[in-house]
Amino acid sequence: SADESYFVYLIWQEDWTSNPLSRSKYIKGKLVYQTSPHEAKYFSRPYAYRDGVLSIPAGAALEEDIHELMPSNSIQRNCIMD
């Protein structure tokens with residue numbers, strides 16, 4: 001919901017613009033965060049930053065439990081697709 005806070009722990013960059021002269025720039029990946037700084041529970045969800053606009057899709061279905069402080073390679077799954 002709009003009043004939720006995410007305490008970001010890690011930003012995973014899965015893909016980004018490789019051509020520095022490209023007109024359109026983007027980064028996409030996952031945010032790893034806590035919903036409470038007082039609990040050692042971590043979650044991830046996809047994000048995309050394109051041409052100055054940050055998109056973080058809403059919905060509990062996109063939230064994944066993270067069981068380690070340094071996520072495994074499974075964090076690469078389900079990043080936002082074009």
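These legends accompany several close-up views of a predicted model.

**View 1. The whole chain, a protein of 5 strands and 0 helices.**
Before zooming in, it helps to see the full fold. Along the sequence, the elements follow the pattern β-β-β-β-β. The C-alpha atoms fill a box of roughly 45 × 30 × 20 Å along the principal axes. Of the 82 residues, 27% count as buried. If you like contact statistics, consider the pairs with a separation of 6 or more: residues 24 or more positions apart account for 41% of these contacts. The exposed surface comes to about 5900 Å², with carbon and sulfur atoms supplying 54% of it. As for charge, there are 8 positive and 11 negative side chains, and the centres of the two sets lie 8 Å apart.

**View 2. Glu 64 and Lys 30, joined in a salt bridge.**
The structure holds 2 salt bridges, and this view shows the one between the side chains of Glu 64 and Lys 30, with an N to O distance of 2.8 Å. Glu 64 belongs to strand S5 (residues 64-66) and Lys 30 to strand S2, so the pair ties together parts of the chain that are 34 residues apart in sequence. Is Lys 30 buried or exposed? Its relative accessibility is 0%, so Lys 30 counts as buried. As background for this view and the next, side chains of opposite charge can pair when their charged atoms come close.

**View 3. Glu 63 and Arg 45, a second salt bridge.**
Here the closest N and O atoms of Glu 63 and Arg 45 are 3.7 Å apart. This pair, too, links distant parts of the chain: Glu 63 sits in the loop between strand S4 (53-55) and S5, while Arg 45 is in strand S3, 18 residues apart. The two partners fall into separate burial classes. Glu 63 has a relative accessible area of 28%, so it is partly exposed. Arg 45 has 3% relative accessibility and therefore counts as buried.

**View 4. Tyr 33 and the residues it touches.**
Tyr 33 is part of strand S2, and with 0% relative accessibility it counts as buried. Which residues does Tyr 33 touch, not counting those up to four places away in sequence? One stretch of contacts is made up of Tyr 6, Phe 7, Val 8 and Tyr 9. Another includes Lys 41, Tyr 42, Phe 43, Ser 44 and Arg 45, and Glu 63 is touched as well. Arg 45 and Glu 63 are also the partners of the salt bridge in View 3. For a distance to check in your own viewer, try Tyr 33 and Leu 10: they are 23 residues apart in sequence and 6.9 Å apart in space, C-alpha to C-alpha.

**View 5. Ser 24, in the loop between strands S1 and S2.**
The loop holding Ser 24 runs between strand S1 (7-16) and strand S2 (26-34). Ser 24 is partly exposed, with a relative accessible area of 29%. Leaving out residues up to four places away in sequence, Ser 24 touches Thr 17, Arg 50 and Asp 51. Pro 37 makes a useful contrast with these contacts: it is 13 residues from Ser 24 along the chain, yet their C-alpha atoms are separated by 35 Å.

**View 6. Arg 50 and Asp 51, from strand S3 into the loop before S4.**
Arg 50 lies in strand S3 and counts as partly exposed, at 33% relative accessibility. The C-alpha atoms of Arg 50 and Tyr 26 are separated by 4.2 Å, although the two residues are 24 apart along the chain. Asp 51 is found in the loop between S3 and S4. Asp 51 is also partly exposed, with a relative accessible area of 47%. Its backbone deserves a look: Asp 51 has a positive phi of about 50 degrees although it is not a glycine. For comparison, most residues other than glycine have a negative phi.

**View 7. A nonpolar surface patch of Tyr 49, Leu 54 and Ile 56.**
Together, Tyr 49, Leu 54 and Ile 56 offer about 280 Å² of accessible area. Tyr 49 is placed in strand S3 (residues 42-50). With a relative accessible area of 40%, Tyr 49 is partly exposed.

Methods
Residues are numbered from 1 along each chain as its sequence is written. This is a predicted model: local features need pLDDT of at least 70, side-chain atom pairs count only at pLDDT 80 or more; totals for chains, interfaces and linings use all residues. Side-chain values use heavy atoms; hydrogens and water are left out. Helices (H or I, at least four residues) and strands (E, at least two) are DSSP runs, numbered from the N terminus. Buried means under 20% relative accessible area, exposed over 50%, partly exposed in between (1.4 Å probe, protein chains only). Contact means heavy atoms within 4.5 Å. Accessible areas come from the Shrake-Rupley method with a 1.4 Å probe; for residues, only the protein chains shown count as cover. Lys and Arg count as positive and Asp and Glu as negative; His and the chain ends are not counted. The place of a charge is taken as NZ of Lys, CZ of Arg, CG of Asp or CD of Glu. Patches are made of residues with over 30% relative accessible area and no salt bridge: like charges are joined within 9 Å, nonpolar side chains (Val, Leu, Ile, Met, Phe, Trp, Tyr) within 5 Å. A salt bridge is a side-chain nitrogen of Lys or Arg within 4 Å of a carboxyl oxygen of Asp or Glu.
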